[in-house]
Structures are given as structure tokens and as C-alpha cells.
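Q: I've got a structure open and I'd like to learn how to read it. Could we start with the ligand and work outwards?

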Amino acid sequence: MKTNLPVHNGEELDVTIIDLTYQGMGVAKVDNYPIFIENALPEEKITVKVTKTTKNFAFGDVVKINQVSPHRVNPKGRVYRQTGIAPLQHLEYSEQLKFKQHQVAELFAKVHMDDVEVLPTIGMENPTQYRNKAQVPVRQVQGKLTTGFYKKNSHQLMPIEDYYIQDPEIDKAIVVIRDILRKYHEAAYDEFHHSGTIRTIMVRRGYYSHEMMVVIVTRTKHLPMADVVVQEIQAALPEVVSVIQNINQKKTNVILGPDNNVLAGKSTIDDQLLGLTFAISAQSFYQVNPQQTEKLYQLAIDQAGLTGNETVIDAYSGIGTISLTMAQHAKQVYGVEIVPAAIENAKQNANKNGITNAKFVLGSAEDVMAKWEEEGIKPDVVVVDPPRKGLDAEFIKSTGEMAPKKVVYISCNPSTLVRDVQRFGEYGYEISAPVQPVDQFPQTPHIECVTVLTRK
Ligand code: SAH
């Protein structure tokens, strides 16, 4: 079909890569029309084959790299690139950090906030093997129950044993569990027919505590041979202190279902952060990069400027990690969180650490904030750490009306951060310190940063 686009489907052409998208794809332009290309890095000259065109942009595959970027590295090779475990692994780590700083700066510049200073990204010394949590799909591959990772943009399982960015003890545990499941002829989940038993294996391991939790996610209520399977897992993996069956009967991409059965041990594992101990349930959020999390939290604490007299609200508080670390330096902390298991953990965690000046409320941050405002709570500092979609406009409104001196915004998505900073501007808040990216997710394009807003 003839179109008036500058390139057409199936065409091969030579291009120079000029940028990386926020998903880590190379960008080339032909007559100002962008082509997005997987596994292509800035400064590279490549031959690209166009695979899809739309009105405003195209996608293409690398046919040949004619001039290689000096920053290209190749630690793990092709299978890893195809899986999306570590989409930036072909870019030298120091360049990944620059890429992230640049992405944040550019997003502010796009909305004419060029004056916002973005500091160099705080990286890790060893930017691999950092994840304290794995969620591995289980499928039948060539007649065998297999663990691995999906091929990018698909649900095709690629067998993998070394996940590169996960704690290697977790990688080993997954292989051990896989072999036990094979031994007892457990049926892997079949997504197409919605049949079989084992959907996912989730493993979490405390970075300091070395306590391990194994969650076996099943389609069925019944897990055949559960007793022996659990016994063998405990015998083979002495760090395991919690084995949980999670039941997810739905046809869905959501990993965990609503019901948990503790098959052995506790319903939580413990881990430490900044000297405090935290109980973590299967369903609760817990930062995946503990080493960087300590740096991130320390920054947030420093930025909050606490002297011991302040009232602090920690919104999106999870299991209370930020609330409880701040409670040690504040008069009173209020946390709000929407997941019941996480709130239960947060209350448990306050007790565990003997902290009595933190109160946790279950609910949506936007609703509870409005309620607190009505009740006349006057925070000096509001800390927010929302999921990728950022803050609800109502939440910002209530915060604006409560008029805290400072808002410390921990963001895992700079686009919603920029939007929310603009909204805070309408209530008289402006960025009062350089934005600090902290690399929580090396080898991936995800960006985390801390921003401080002060009331004019
Ligand atoms: N501050 C915590 C958790 C951050 S993750 C930590 O660092 O560990 C974001 C948290 O927000 C998750 O626990 C999620 O369950 C919670 N959440 C998501 N939407 C929410 C909402 N509308 N209101 C309150 N909490 C929400």
C-alpha cells in the first residue's frame, strides 16, 4: 500500500540513532518522522528494517549495526534482551545513570520548567543481582514444567535459570522448587486452556535477615501432594521460613489472587531497613532494591528536615517503612495505605520496633487525606510515594488546603511527577531543592526520584 509516510513497512534503510525513549528503545528520524528500534543505542549507525508504521511513528528491527556505540556492553546476550528482564543491559551502567537524569530533566523542560535542576542519578556499586523478589511464570515447555521469563510483548516462556538482576539465592531457590514440582508431577498452568495447577512462583528474601518466603500461586484450590512438596522445599532450602499457597482462579494477568493458605511456617518474613525490622506479607508492597532503598529513604528523611516536633503524613505508606523511620525524628506520624495486609504489617511493625507515635489508617490516600483535613490535622510535612499513576487531583487539593510547609515526593514515574508538581504549583508549592534520581532498577529504564516542594 502506498502512503505518504517517509518510510514504508518492510523497507530497509540506514539510520543514525539520536536518542533513547523512556522504555529504552533507540530513536532514529527520517524527515522528522521517528522510528523506534529495540536494541539500538544513541550514536549508533544501523541498518533498520521497518516492521510497523503508524501516522506519527514507526517501529523497526536492527538488521545490522554499522557503527557500534562506545557505550555498548553485552554481558548477557540475546536471550536476556528478548525477555525484557533487563532491557538496558546493553548500555554501560554509567550511561544508564546519565540517561535517567536526562529523562527527568527533559520531562521538566517539556513543560517549560527548564530551571528545575536534576542531579546526577545515585547508582549502585554492583548494579546486578539486587532484586529481593522474583515472580516467575510456570509453564509447560517441551513436555516439562519450566520456569523462566516471558519473551518481550508475548506470553511465550523462555527458560532461564540466572535472572541476572535477582538475588542469586532466589535464582537458586527457583530451580530447586521447579525440580521438586517436576518430581511430584505438578501440572504447569496452561494459559490458553485455563487448565493446569501452578501459575507462578514468587520468592522474597530478606537482604539482611536472609529469611525466605515462597509463594506458590495455583489456579486450583487443591494443590496435589502439597504436604510432601512443602516438606521437600523446607528441607532443600533452610532459609525458607514461610511457604504460602496463593489461589488465583481467574483468567487474568494479575499475578496474585485474593486467598492465601499458609502451608508451612509464618505468614510473613522479616527484613531490616535503616536499623528497623519489618514484617512483610505476600500481598504487601516492599521495595525491591534494599541497598538503594536505604539511600532513597535517608534522602527523604534528610529532605523532610525533621527536628522532633513535626507532624508528618506518609501517604501510600505500604508496610510503614518510611513512616516508622520518620517517626523516630518526628512528634507524630500518620500513614495511609489501601492494601489491608500492608496496613496490618505496618501496625505490627510499629509494635515490633516499639514505636508509639505512628498511626496507620486503611483507605485510599485521597479519601483519608480529605477526612484528615476535615478533622483539622495540620501536618508540617507530607511524604508521598504513590504508584506509577501518581497522585489523585483530590489528594493534591486536600494537601494544598492543609498547607504543610513541605511535601517530599518520592516518585517511580517522572511523567506523573511532573504533572503533579505543576498541580502543586496551583496551591503555592514550588520545587525547593534539586531533584534527585536514585537508581532503584539498574538495567531497566525505570526511574525513581525524590523531589521537595516548599510552600511559598
Ligand atoms: N512507601 C512504601 C510503599 C510505596 S508503593 C514503601 O516505600 O515501601 C505504593 C503503595 O501505595 C503500595 O503499597 C500500594 O498498595 C499503595 N496504594 C496504591 N494506591 C493507593 C491509594 N489510592 N491510596 C493509598 N495507597 C495506595
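A: Sure. This is a predicted model, and a good place to begin is a polar contact: a backbone N or O atom of alanine 365 lies 2.8 Å from a nitrogen atom of the ligand.

Q: How much of the ligand's surface does the protein bury?

A: The general idea is that the size of an interface is often given as the accessible area lost when the parts come together. Here the ligand on its own exposes 570 Å², and the protein buries 90% of that.

Q: Which elements give two or more residues to the shell around the ligand?

A: Those are helix H6 (321-327) and helix H8 (365-374). The shell counts 17 residues, with Gln287, Tyr297, Glu337, Ala365 and Asp385 coming nearest. Sorted by class, you get eight nonpolar, six polar and three charged residues.

Q: What other polar contacts can I look up?

A: Try glutamine 287: one of its polar side-chain atoms sits 2.9 Å from an oxygen atom of the ligand. Then go to isoleucine 338, where a backbone N or O atom is 3.3 Å from a ligand nitrogen.

Q: Let's zoom out. How is the chain divided into domains?

A: The assignment gives domain 1 (12-72), domain 2 (133-273) and domain 3 (289-455). Between the C-alpha centres of domain 1 and domain 2 there are 37 Å.

Q: How do I read strand pairing, say for E5 and E6?

A: Look at the direction and count the bridges. E5 (45-53) and E6 (58-67) pair in the antiparallel sense over eight bridges, and they form a hairpin with four residues between them. Within that pairing, lysine 45 stands opposite glutamine 67. E4 and E6, by contrast, run parallel, joined by three bridges; there, isoleucine 35 has alanine 58 as its bridge partner.

Q: And what should I make of backbone angles?

A: Most residues other than glycine have a negative phi. Asparagine 32 has a positive phi of about 70° although it isn't a glycine. You'll find asparagine 32 in the loop between strand E3 (26-30) and strand E4 (33-37). Glutamate 43 also has a positive phi, near 80°, and sits in the loop between E4 and E5.

Q: Is asparagine 32 buried or exposed?

A: Exposed, because its relative accessible area is 65% and the cut-off for exposed is over 50%. Glutamate 43 has 48% relative accessibility, so it counts as partly exposed.

Methods
Residues numbered from 1 in each chain as written. Heavy atoms only, no water. Domains from an automatic or database assignment. Buried < 20%, exposed > 50% of the residue type's maximum accessible area, 1.4 Å probe, protein only. Near = heavy atom within 4 Å. Polar contact = N/O pair within 3.5 Å; in protein donor to acceptor, adjacent residues only side chain to side chain. Areas by Shrake-Rupley, 256 points an atom, 1.4 Å probe, with all protein chains shown as cover. Nonpolar A, V, L, I, M, F, W, Y, C, P; charged D, E, K, R; others polar. Pairing = 2+ DSSP bridges.
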